[in-house]
Amino acid sequence: MPKYYEDKEEDNRACAGIREDFKTCLLQHDCVVKEGKMPSECLKEGHCKALQTSFFECKRSMLDTRSRFRGRKGY
């Protein structure tokens, strides 16, 4: 589930919950924190792959014309 904080601005963009979780997963991963690599390098290595796929599916569902009836994927 997305992590919401009281003092944080509300993000009304599409796929905001998945975006938030994906960002925190990357920035708090050992690849970035301990090894000092860039988040893009850690993505290429395959870290946070499930959230990356979910974020992609959510963004892709915005372009899908059938989503008018089904709604966007994600949270």
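**Helix packing and the nonpolar core**

In this predicted model, helices α1 and α4 are roughly antiparallel to each other, because the angle at which they pack is about 155 degrees and angles over 145 degrees count as roughly antiparallel. The axes of α1 and α4 lie 9 Å apart, and the crossing of these two helices is left-handed. On the side of α1, the contact is made by Ile18, Arg19, Asp21, Phe22 and Cys25, while α4 contributes Leu51, Gln52, Ser54, Phe55, Cys58 and Lys59. When the residues of this contact between α1 and α4 are sorted by class, six are nonpolar, two are polar and three are charged.

The two helices belong to a chain that contains five helices and zero strands, so that the order of elements, read from the N terminus, is α-α-α-α-α. Of the 75 residues in the chain, 25% are buried. With regard to contacts between residues at least 6 apart in sequence, 45% join residues that are at least 24 apart.

In soluble globular proteins, nonpolar side chains tend to be buried together. In the present chain, the largest nonpolar core consists of 11 residues, namely Ala14, Cys15, Ile18, Phe22, Leu26, Cys31, Val32, Cys42, Cys48, Phe55 and Cys58. At least two residues of this core are supplied by each of α1 (16–27), α2 (30–33) and α4 (49–63), and the largest share, three residues, comes from α1. Ile18 and Phe22 of α1, together with Phe55 and Cys58 of α4, are named both among the core residues and among the residues through which α1 and α4 touch.

A further residue of interest is Pro39, which lies in helix α3, a helix that spans residues 39–45. Pro39 has a relative accessible area of 24% and is therefore partly exposed, since a residue counts as buried under 20% and as exposed over 50%. When residues up to four places away in sequence are not counted, Pro39 touches Leu26, Leu27 and Val32; of these, Leu26 and Val32 are members of the largest nonpolar core. The C-alpha atom of Pro39 is separated by 9.1 Å from that of Lys23, a residue that stands 16 places from Pro39 along the chain.

Terms used. Residues numbered from 1 in each chain as written. Predicted model: local features only at pLDDT ≥ 70, side-chain atom pairs only at ≥ 80, totals over all residues. Heavy atoms only, no water. Core = buried A, V, L, I, M, F, W, Y, C linked by side-chain atoms within 4.5 Å. Buried < 20%, exposed > 50% of the residue type's maximum accessible area, 1.4 Å probe, protein only. Helix = DSSP H or I, 4+ residues; strand = E, 2+ residues; numbered from the N terminus. Contact = heavy atoms within 4.5 Å. Axes fitted to C-alpha atoms, helices over the stretch in contact; angles between N-to-C directions. Parallel < 35°, antiparallel > 145°, perpendicular 65-115°, else oblique. Left-handed = near helix turned anticlockwise from the far one by under 90°. Nonpolar A, V, L, I, M, F, W, Y, C, P; charged D, E, K, R; others polar.
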